[in-house]
Amino acid sequence: MSPKTRILVVEDEDPLRLALCDALRAEGFDVLEAADGEAGLALALREGPDVVLLDLMLPKRDGYSVLRAIREDRLASAVIILSARGEEWDRVQGFEYGADDYVVKPFSTRELLLRLRAVLRRADGEAPGLAPSDRKVRFGECEIDFAAYTVARAGARQGLSRQELGLLRVFLENSGKVLARETLLDLAWGRDEFPTTRTVDMHVLKLRKKIERDPEDPRHIVTVHGVGYRFER
Ligand code: CA
């Protein structure tokens, strides 16, 4: 892991923020910290950290608003949400706004570091080896720009999270094939993470809203009942 990897911690609970920052520094990361949403967003936009660890309930500006602003600014930082237990709505909303992952409080340092490394690996894997011809991919009405993290469809442009791009890449590389949820998990997430097959469904729902003309009647990401999905260009 590069010692220059820069992590921004946005968390208003002092003991948790300090503990996180200590643990991250001990792992050799360059750590920035903020105790409210406004300061966190300002630091994110100024410093462009590799990863933002973002609490949701924050003074001055909540985590969703920070996340939305980060994505609207096309900042390439990965975002891991630190959410309170049982906030199912928050989780869905977080992915909707382009979060890359989340951990549920209280979490262990070990769990957080595993998630963080997984997010960094995905980020590392994407940029290099991306041939110029691969940066933009067209299918149907969509143009995916892998370098800009966007999809353009019917004249509208939307942001895509790293995870959405990763899943889309797996679909594109396996066009026309039926992919089981477990296969998608292995290919797009990696084995040492903790997503469930429900994570796949959640990301497919998000992707459909962005790439399908009618997400209720999808033409590209087709459900194969009892198995998984098939991607059709
Ligand atoms: Ca908080």
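This passage walks through a calcium site, a helix pair with its sheet, and a few single residues. The model is a predicted one.

A good place to start is the calcium ion. The protein supplies donors from Asp12 (OD), Asp55 (OD) and Met57 (O), and these sit 2.1 to 2.3 Å from the ion. Along the sequence, the spacing of the donor residues reads D-x42-D-x1-M. Asp12 and Met57 are 45 residues apart, so to speak at two addresses, and the pair links distant parts of the chain. Asp12 belongs to the loop between strand E1 (6-10) and helix H1 (14-26), while Met57 belongs to the loop between strand E3 (51-55) and helix H3 (63-72). How open to the outside are these two, buried or exposed? Asp12 comes out as partly exposed, because its relative accessible area is 28%. Met57 counts as exposed, because its value reaches 64%.

Staying around Asp12, there is Arg17, a residue of helix H1. With a relative accessible area of 9%, Arg17 falls under the 20% cut-off and is therefore buried. Which residues does Arg17 touch, once its neighbours within four places in sequence are set aside? The list is Val9, Glu11, Asp12, Glu33, Ala34 and Ala35. One of these contacts, Asp12, is also a calcium donor.

The loop between E3 and H3 holds another residue worth a look, Lys60. Its phi is near 70°, which is a positive value in a residue other than glycine. Lys60 is exposed, because its relative accessible area is 65%, over the 50% cut-off. Another backbone detail turns up at Pro106: the peptide bond leading into it from Lys105 is cis, and omega there is near -5°. Pro106 sits in the loop between strand E5 (101-105) and helix H5 (109-126).

Further along the chain comes a helix pair. Two packed helices are described by the angle between their axes and the distance between the axes. For helix H7 (residues 162-173) and helix H8 (residues 181-188), the angle is about 115° and the axes are 10 Å apart. The crossing of H7 past H8 is right-handed. On the H7 side, the residues that meet the partner are Gln163, Gly166, Leu167, Val170 and Phe171; on the H8 side they are Leu184, Leu187 and Ala188. Sorted by character, the residues of this contact are six nonpolar and two polar, with no charged ones.

Both helices also pack on a sheet, which is described next. Strands of a sheet pair through backbone hydrogen bonds, either parallel or antiparallel. Here the sheet is open and has three strands, ordered E10-E12-E11, with antiparallel pairing. Strand E10 (178-180) and strand E11 (221-224) are the edges, each pairing on one side only. On average, neighbouring strands in this sheet are turned by 35° against each other, direction ignored. Between E10 and strand E12 (residues 228-231), which run antiparallel, there are three bridges. Leu179 faces its opposite number in E12, Tyr229. As for the helices, H7 touches E10, E11 and E12, and its direction makes about 65° with that of E12. H8 touches E10 and E12, and its direction makes about 80° with that of E10.

Definitions and conventions:
Residues numbered from 1 in each chain as written. Predicted model: local features only at pLDDT ≥ 70, side-chain atom pairs only at ≥ 80, totals over all residues. Heavy atoms only, no water. Donors = N, O, S within 2.8 Å, 3.2 Å for Na, K, Ca; no water. Helix = DSSP H or I, 4+ residues; strand = E, 2+ residues; numbered from the N terminus. Buried < 20%, exposed > 50% of the residue type's maximum accessible area, 1.4 Å probe, protein only. Axes fitted to C-alpha atoms, helices over the stretch in contact; angles between N-to-C directions. Left-handed = near helix turned anticlockwise from the far one by under 90°. Contact = heavy atoms within 4.5 Å. Nonpolar A, V, L, I, M, F, W, Y, C, P; charged D, E, K, R; others polar. Pairing = 2+ DSSP bridges.
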